[in-house]
Amino acid sequence: MRPTRAPYIGLTERSDHYWMMRPLDDEHNDAVARFYPYGSRQDGSYPIHHGVEFVNPLGTPVRAVADGEIVVAGGDQIDVLGARDGFYGLVVVLKLDRAMDGMPVYALYGHLSEPRVAVGQRVSAGQVIGLVGETGAAEAPHLHFEVRVGANDYQHTVNPELWLEPRPGYGTLAGVLLSNAGTIVDDEARLIIRSASGAARYETHTYPAVGVNPDPGWLENFGVGDLAAGNWTVQTFHRGQLLEATVNIVAGETTWLEIRLVR
Ligand SMILES: [Zn+2]
């Protein structure tokens, strides 16, 4: 599925599929934490991240992101859902009613202190399904949130930021970093993303060749959400080349950016 070796062929029709509301309401921290984005290793020492974090206090209610059915609720020791058994502690997995091109879509909630649903239960978008915790491999209370397409396993994750409805006034950036031959750069190039005023500065990396996946609807190798509408500069220094691009982020939309190395 991942076009790492073949020349990159972009889809003719890329479009948003914001099928999910935020798993936390806006009275709590409903912004994705920027320190450990999808596909990154944080400071280099962490495992490749298969989801995103929402940092909130213990006991904060988490909500169904869409209508669907609960397929996992409880400890992840029996079915290994993460990197090893017990990785996500107390977990809820919701299977959405909607499928993408026939492929099932799942939302996973990890490190909960308490699931509030049972397997087989139907839930509606916005319904409380559990509470934030720090069970499993968590160093502090937070929600680990994953999206899986095609199968409910660790190998089928995609970037949740391309699925979560943007917060009001915010949009999403998705793109690819390509070699001069047009192939995907899959050696974790560092990207610096700055707002026009310079007040906001985020870092991410392009996805590694294995572990995480491009989105079936976007085929990106980087994606960052929660960017305030307006101009942003994307900069990378990779393989001895400094590249910079300016993008206009539109509220409520995903903006596509293609960056190509020149040699
Ligand atoms: Zn996480």
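**Two domains and their sheets in a predicted all-strand chain**

The C-alpha centres of domain 1 and domain 2 lie 26 Å apart. In the contact between these domains, seven residues come from domain 1 and 11 residues from domain 2. The domain assignment places domain 1 at residues 52-162 and domain 2 at residues 170-260. The structure described here is a predicted model. Its mean pLDDT is 91, and 94% of the residues reach 70 or more. Residues 1-12 have a pLDDT below 50, and this stretch has 19 contacts in the model beyond near neighbours in sequence. Where pLDDT is low, predicted coordinates should not be read in detail.

The chain as a whole was considered next. The chain contains zero helices and 17 strands. Along the principal axes, its C-alpha atoms fill a box of roughly 55 × 40 × 35 Å. A compact globule of 263 residues would have a radius of gyration near 18 Å, and the value of 18 Å for the chain therefore agrees with that expectation. Of the 263 residues, 41% are buried. Among contacts with a separation of 6 or more, 64% are between residues 24 or more positions apart.

Two of the sheets are described in turn. Strands of a sheet pair through backbone hydrogen bonds, in either the parallel or the antiparallel sense. One open sheet consists of four strands in the order E13-E12-E15-E16, with antiparallel pairing. Its edge strands are E13 (201-205) and E16, each of which pairs on one side only. From one strand to the next, the twist of this sheet averages 20°.

Within the four-stranded sheet, strand E12 (residues 190-195) pairs with strand E15 (residues 230-238) in the antiparallel sense over five bridges. Two residue pairs illustrate this arrangement: Leu 191 has Thr 236 in E15 as its bridge partner, and Ser 195 stands opposite Trp 232 in E15. Strand E15 is also joined to strand E16 (residues 241-249) by nine bridges, and these two strands run antiparallel. Here Asn 231 stands opposite Asn 248 in E16. E15 and E16 form a hairpin with two residues between the strands, in which Arg 239 takes a positive phi near 50°.

A second open sheet has three strands in the order E14-E11-E17, and its pairing is mixed. Strand E14 (222-228) and strand E17 (254-260) are the edge strands, each pairing on one side only. The twist in this sheet averages 25° from one strand to the next. Strand E11 (residues 170-178) and E17 run parallel and are joined by seven bridges. One of the residue pairs is formed by Gly 175 and its bridge partner in E17, Leu 257.

Backbone angles draw attention to two further residues. Most residues other than glycine have a negative phi. Leu 219, which is not a glycine, nevertheless has a positive phi of about 55°. Leu 219 is found in the loop between E13 and E14. This residue has 19 other C-beta atoms within 10 Å and is therefore partly exposed, since burial requires 20 or more such atoms. Asp 226 likewise has a positive phi, near 55°, and is a residue other than glycine. Unlike a loop position, the place of Asp 226 is in strand E14. Asp 226 has 20 C-beta neighbours inside 10 Å and so counts as buried.

A last position, Gly 74, lies in strand E3 (residues 68-75). Gly 74 counts as partly exposed because it has 15 C-beta neighbours inside 10 Å, a number between the limits of 12 or fewer for exposed residues and 20 or more for buried ones. When its neighbours within four places in sequence are left aside, Gly 74 is in contact with Leu 90 and Pro 115. Gly 74 and Asp 226 are 152 residues apart along the chain, and their C-alpha atoms are separated by 30 Å.

Technical notes: Residues are numbered from 1 along each chain as its sequence is written. This is a predicted model: local features need pLDDT of at least 70, side-chain atom pairs count only at pLDDT 80 or more; totals for chains, interfaces and linings use all residues. Two strands pair if DSSP finds at least two bridges between them. Two residues are in contact if their C-beta atoms, placed from the backbone, lie within 7 Å. Axes are lines fitted to C-alpha atoms, for helices over the stretch in contact, and angles run from 0 to 180 degrees between N-to-C directions. The radius of gyration is taken over C-alpha atoms; the globule rule is 2.2 Å times the number of residues to the power 0.38. pLDDT is the predictor's confidence in each residue, from 0 to 100. Domain bounds come from an automatic or database domain assignment.
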